[in-house]
Amino acid sequence: MIRKGLEGVKICKSSICFLDGENGRLYYRGIPVEELAEKSSFEETAYLLWFGKLPTKIELENFRKKMAECRELSDESVRMLHNLPKGLHYIDVLKIFLSIQGSTDEVDEDLEDKAIKIASVFPTILAYYYRYSQGKEIIRPRKDLSHVENFYYMMFGDTNGKVHLLESTFILLMEQDINASTFAALVIASTLSDMYSSIVGALGALKGPLHGGASEKVPPMLEEIGNEDRVEAFVQKCLSEKRKIMGFGHRVYRTFDPRAVYLKKVLQEHFSESRLFKIAQRLEEYIVSNRIKNIYPNVDLYSSILFEEFGFPRNMFTALFATARVVGWTAHVIEYVNDNKLIRPTSEYVGPLNVEYISIERRDEDGQNSC
Ligand code: CMC
């Protein structure tokens, strides 16, 4: 039987994440994601996903230090930064740097250590390229700051009293079962390729607008709508043109995405004056109350508005998503290769067989066969 888009196909057993699509619930290692977003930190949740348990105080302290020590890029990579063209998409920048790090990182270490190394350096790559693109001096990472505080600091040279809201957003984006990019990572890992290659593949999958790339499409779409009164006309136009409304719909959630629910509350409490947020709320209200295609807002609708409020450039939004999701990707790679099986599906062949090979002299000019 063919399952288009592998819908509903289970490819492995996993104890990392449970996504209850019917009831709109999401759990990391059994803990509701809202509780982690509220009470945990990036480092603590990453530890939970990688090691399967919450760390003790000492374990967390050592883990934070380890991540902080892995923040800096090699001198060679920093030199290379200055040879890059400006204006590249940030996902591509990550792919370039990770490919280089992967080729030069010959240390034979545990997959967990490799994962820590890869996740720790994401913010540095993004912040360095951002500042370089702006013609500004790069800001070196600080070891005394947390992962997310340090990211904000390297970007903007400042601290921000609301950075915990950004951290909650990263926690919500960190993991989501076998989504398209995680699957891409697993396909590569299942060939026993290196972890950097898996992550480069996952980044490519995340970039698409049906997946993490939707976050970059949401703000321009809200601007196109322009104001709350134009929501209905916009939705009807999209439906008639068979155009997807970005930030809505999900393969697994058949109701509200709990991450969108959480972030909407954050925006209501802290950024209620945002023009884009007002339009997004109205869009949600219209689509849900009229049961349009039975779709609900997904995480990208509101995370993109939050990223906008923090001042990140729009073409970095998918890379911000990746900065969080890299934890989930690597956690799944570690789990999968422990009980590895090469991923190699098949197709149902519907073409002809035993077709005659016609020599090039006997073929028509227009490419049609002449027999
Ligand atoms: N706008 C308009 N119609 C939609 C949308 C949407 N956002 N999502 C689904 N539909 C319609 C779709 O056109 C189809 O209608 P019909 O049966 O008449 O052809 C029906 O709903 C079923 O949709 P589908 O595309 O077959 O469902 P899927 O499970 O393949 O799609 C999706 C899931 C996420 C690709 C889709 O909802 C979509 O394209 N959404 C917009 C992009 C987006 O926001 N992506 C982020 C997803 S969540 C975060 C992440 O994973 O990165």
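**Domains and ligand**

Student: How many residues of domain 1 are in contact with domain 2, and how many of domain 2 with domain 1?

Tutor: Numbering runs from 1 along each chain as its sequence is written, and side-chain values use heavy atoms, with hydrogens and water left out. This is a predicted model, where local features need pLDDT of at least 70 and side-chain atom pairs count only at pLDDT 80 or more, while totals for chains, interfaces and linings use all residues. With contact meaning heavy atoms within 4.5 Å, the counts for domain 1 and domain 2 are 32 and 28 residues, respectively.

Student: Where do the bounds of domain 1 and domain 2 fall?

Tutor: Such bounds come from an automatic or database domain assignment. The centres of the two domains, taken over C-alpha atoms, are 26 Å apart. The assignment gives domain 2 as 216-308 and domain 1 as 11-211 + 314-337.

Student: What area is buried between domain 1 and domain 2?

Tutor: Buried area is the accessible area (1.4 Å probe) that two parts lose on being put together, summed over both. Carbon and sulfur atoms give 65% of it here, and the total is about 2400 Å².

Student: Which residue forms a salt bridge with Glu308?

Tutor: A salt bridge puts a side-chain nitrogen of Lys or Arg within 4 Å of a carboxyl oxygen of Asp or Glu. Between domain 1 and domain 2 the count is 2. For Glu308, the closest N and O atoms are 2.7 Å apart, and the partner is Arg314.

Student: How does the shell around the ligand divide into nonpolar, polar and charged residues?

Tutor: Good one! Ala, Val, Leu, Ile, Met, Phe, Trp, Tyr, Cys and Pro count as nonpolar, Asp, Glu, Lys and Arg as charged, and the others, Gly among them, as polar. Domain 1 and domain 2 each supply at least three residues to this shell. The division is 8 nonpolar, 6 polar and 5 charged.
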